[in-house]
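Got your viewer open? Load the model, colour it by chain, and follow along stop by stop.

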Amino acid sequence: MHLFLMIGLVAFSIMAVLSRDLLRSAINLAVASIFLAIIFFRMNAVYAGVFEVSVVAGLITVLFITAIALTRGDQEVVENKRHLLIFPLFFLILVIIDILVMKNLLGKIPAMVSSETGTFGEVLWKQRTFDLIGQIGVIFAGVLAVLALFRQGEKNHHGGKE
Amino acid sequence: MNNMWILNMGFVALLICTGLYCLLTMKNMVKLLIGVEIIAKGITLALIASGYARDNMLVAQSLAITVIVVDVAVIATALAIIISINRHTKSLDVRKLTKLKG
Amino acid sequence: MIFLFIIVPLVLAALMPLLGKISKRFLPDLLANATMLFLLVFSVISAKPLIANGGVIQQAFWFGAPINIRLLLDGFSLFMLFTISLVSFAVTLYSIDYMEQYGAKANYYALLLLMIAGMNGLVLTSDLFNIYLFLEVAAVASYALVAFGQGHDELEASFKYLMLSAVASAFILLSIAIIFGLTGGLGFGAVASGLKTLNIKYVVGFCSGLFLMGFGLKTALVPFHTWLPDAHPSAPAPISAMLSGVLIKVSGVYAMMRIFLNVFGLTPALTTVLTVLGMASIFVGALAALGQKDIKRMLAYSSISQVGYVILGLGIGTPLGIIGGLFHLFNHALFKSLLFLNAGAVEQSTGTRSLDQMGGLAKRMPLTAATSAIGSLSIAGVPPLNGFWSKLLIIIALVQAKMHVLAFLAVLGSVITLWYYLVLQHNAFFGKLNDTWKSVKEAPFWMSAATVMLALLCIIIGLVFPMIIHSWLQPAADVLSSGVAVTLNFIGF
């Protein structure tokens with residue numbers, strides 16, 4: 001089951017890369033996210049799974065679709081037609097290397113058990129408090145970046161030497 | 001347990017290489033961003049798989065969530081840049097971005 | 001309270017948009033400069049005595065209860081904090097006049113403060129994952145700052161920068177995830193002790209490779225340098241100074257050295273790779289700079305070349321090499337930001353960045369020309385300016401380590417540096433005054449104040465360098481040269 005989910009995840013990612021239509025790419029990406037979320041649920045990572053569904057499959061897809069809608073109607077980008085040929089070749093080589101490396105590593109990594117107690121909230125707040133500050137910083141940075149890039153008016157700009 | 005980790009890491013490698021392939025060969029800016037997003041997925045999976053292997057799930061989840069938050073910020077900034085570029089060039093083609101050279 | 005280094009810029013960044021509503025220019029200018037001055041004074045007066053007996057770990061408090069934010073302050077991180085604060089103070093001072101033309105000053109300062117908060121967090125943390133996180137805070141702010149002018153060039157450069165930087169972060173984070181899977185810990189101490197007991201060379205080698213690529217991209221080491229000559233010149237001048245002066249060093253050199261030297265331990269293979277990459281950067285950067293016509297682009301290539309010296313010095317791993325590398329890092333932060341700020345002043349006055357169109361500007365902009373000459377001579381390693389001493393230390397360290405060929409090449413690189421800086425000086429400031437620039441005026445007061453401050457520092461540090469080495473560099477170098485042992489002492493966290 002785990003294996004099928006993984007294969008589904010990789011397959012939808014590949015479809016997101018290869019499909020011609022951007023909108024379809026974005027939706028494939030969202031489906032891949034849902035696969036990833038199911039994998040997380042099965043690995044007992046409930047919170048990460050919920051986040052993956054709501055933020056990555058939801059918010060980021062919405063962002064992508066908004067951006068695609070805003071930039072649509074202009075010239076189409078001509079992609080290299082040979083991707084459908086090159087990619088499978090590339091991917092096949094990749095899979096072979098991957099399997100060989102994995103086979104070599106099997107059993108080499110010793111097991112180490114660390115026990116932990118407490119709930120998710122406690123861990124996030126008590127052990128990884130510094131992360132929260134970083135998250136706040138990143139969110140600020142993102143918001144301010146978007147504000148800076150979309151600001152209007154009072155712009156007597158000098159740069160663009162067209 | 002640890003062979004499971006290695007198996008998961010194998011899939012992580014596949015995802016990341018798919019994303020890198022996308023970054024290296026695609027010409028559409030939004031497509032490039034999708035490549036970045038696929039790499040980010042691979043890394044979230046790597047974090048969760050590592051936590052699973054070490055029985056350290058709670059920490060791994062908080063890391064994964066942080067990564068997702070960072071990702072949203074990066075993607076939002078990148079899309080804002082892409083939309084602004086689109087206003088200038090009316091195109092999403094990276095091949096049009098050749099003004100800076102040398 | 002070391003925590004103030006992170007929280008003060010963060011809170012001010014959050015307040016900035018509100019302040020911008022109240023007063024468009026005055027309040028943001030005042031507060032940003034006050035913050036930077038405070039951080040600078042704070043790092044000298046109050047943080048310096050804390051580490052008199054080696055590194056300390058400080059716990060943060062939230063309403064009186066200890067919370068799990070443990071900041072590691074030792075010689076190396078204090079040295080970086082001081083460098084960041086110094087350069088960013090000069091940059092905010094300069095921005096008062098320079099950023100008028102862009103508008104949205106409050107937004108600009110907010111992003112700048114976030115970048116500084118990110119860098120300070122990165123320097124103070126003792127946890128691998130937080131390194132990634134704060135790297136990303138600084139990076140997201142810097143993408144927006146590079147694109148701040150909203151012109152086509154800026155946006156294009158910012159997009160390229162963002163893509164490569166995203167890949168770099170991905171490599172770094174993947175390596176962190178693997179290490180987390182191997183050792184089950186993320187703190188420096190836990191990882192160092194975990195790796196010591198595990199003894200799995202290949203996986204550690206693979207992780208080192210990923211880190212090298214990731215931080216190499218952030219540092220713009222050759223062959224990962226392609227984004228820098230686009231991103232740094234396109235940004236507004238103070239941001240170019242900030243990016244070239246500190247960001248590539250904090251998010252690249254600092255993080256790389258902290259992980260390689262203090263967590264993984266320096267191996268001979270790593271030394272070889274670092275010295276080779278450093279050498280390649282010196283030459284590729286210097287030769288590319290020779291052919292540039294755009295003043296800021298030349299400076300950007302020169303950054304690649306000079307960071308190569310830093311990596312070369314640190315990569316040797318001997319105590320003297322580390323001191324030389326760190327000293328050069330500090331010096332480069334000073335004179336490269338000075339030169340970028342001067343380039344910005346010239347660009348503002350003349351409206352061009354092309355060296356061909358300039359000429360004779362020394363007659364119209366004497367202060368800019370003089371400070372720029374000091375910066376150029378210093379970066380080229382002319383005695384007795386500061387750049388000379390740091391390059392000398394690196395070369396002596398190379399000779400001591402029996403790497404005579406590399407020492408010779410380092411001298412050669414320095415000669416090329418002198419060459420293209422003379423070209424720059426000659427084309428921009430000396431010679432006959434171009435008729436177009438008859439009415440050009442000297443840069444406004446605050447811009448000159450910032451550049452004069454940096455130029456004076458270049459001279460003073462060149463004169464009193466033994467004192468600087470003794471009081472600031474020695475503690476930093478001690479931390480790095482004691483290697484993994486220093487981290488293992490902090491196993492408690």
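Is the crossing of H3(B) and H6(C) left-handed or right-handed? It is left-handed, where left-handed means that the near helix is turned anticlockwise from the far one by less than a right angle, and right-handed means clockwise. We'll come back to that pair shortly.

**Before you click**

What you have is a predicted model, in which local features need pLDDT of at least 70 and side-chain atom pairs count only at pLDDT 80 or more, while totals for chains, interfaces and linings use all residues. Residues are numbered from 1 along each chain as its sequence is written, and chains are lettered from A and ligands numbered from 1 in the order in which they are written. The model scores ipTM 0.93 and pTM 0.91.

Helix names follow DSSP runs (H or I, at least four residues, for helices; E, at least two, for strands), numbered from the N terminus.

**Stop 1: chain B against chain C**

Select chain B and show what touches chain C: 30 residues of chain B are in contact with 27 of chain C, contact being C-beta atoms, placed from the backbone, within 7 Å. On the chain B side, H1 (2–25), H2 (29–53) and H3 (57–89) each supply at least two residues. H3(B) has the largest share, twelve residues. Colour that side by class and you get 22 nonpolar, six polar and two charged residues. Here Ala, Val, Leu, Ile, Met, Phe, Trp, Tyr, Cys and Pro count as nonpolar, Asp, Glu, Lys and Arg as charged, and the others, Gly among them, as polar.

Now zoom in on H3(B) and H6(C), residues 152–183 of chain C: they pack at about 155° with their axes 9 Å apart. The axes are lines fitted to C-alpha atoms, for helices over the stretch in contact, with angles from 0 to 180 degrees between N-to-C directions. The two helices are therefore roughly antiparallel; the bins are under 35 degrees for roughly parallel, over 145 for roughly antiparallel, 65 to 115 for roughly perpendicular and oblique for the rest. Residues to show as sticks include B:Val74, B:Ile81 and B:His88 on H3(B), and C:Leu155, C:Phe159 and C:Leu173 on H6(C). The class split for this contact is ten nonpolar, five polar and one charged.

**Stop 2: chain B against chain A**

Swap partners. Here 60 residues of chain B are in contact with 67 of chain A. H1, H2 and H3 of chain B each supply at least two residues to this side as well, and H3(B) gives the most, with 24. By class, that side of chain B has 37 nonpolar, 15 polar and eight charged residues.

Next, pick H2(A), residues 22–42, with H2(B): their axes come within 11 Å and cross at roughly 5°. That is why they count as roughly parallel. Among the residues making the contact are A:Leu29, A:Leu36 and A:Phe40, with B:Ile34, B:Glu37 and B:Lys41 across from chain B. This contact divides into nine nonpolar, two polar and three charged residues.

**Stop 3: inside chain C**

Select H13(C), residues 319–350, and H15(C), residues 386–400: the axes come within 8 Å and cross at roughly 155°. That makes the pair roughly antiparallel, and the crossing is left-handed. Participants include C:Gly324, C:Phe327 and C:Phe335 of H13(C), plus C:Trp389, C:Leu393 and C:Ala397 of H15(C).

Stay in chain C for some backbone oddities. Most residues other than glycine have a negative phi, and most peptide bonds are trans. The bond from C:Val222 to C:Pro223 is cis, with omega near 5°, and C:Pro223 sits in the loop between H8 (201–219) and H9 (228–234). The bond from C:Pro383 to C:Pro384 is also cis, omega near 0°; find C:Pro384 in the loop between H14 (366–380) and H15. Finally, C:Gln150 has a positive phi of about 65° without being a glycine, in the loop between H5 (128–146) and H6.

**Last stop: colour by confidence**

Switch to pLDDT, the predictor's confidence in each residue, from 0 to 100. Chain C averages 87, chain B 85 and chain A 78. In chain A the lowest helix is H5 (120–127), with a mean of 65, and the highest is H2(A), at 90. Over residues 154–162 of chain A, pLDDT is below 50, and beyond near neighbours in sequence this stretch has 16 contacts in the model. Where pLDDT is low, the predicted coordinates should not be read in detail.

Methods. Contact = placed C-beta atoms within 7 Å.
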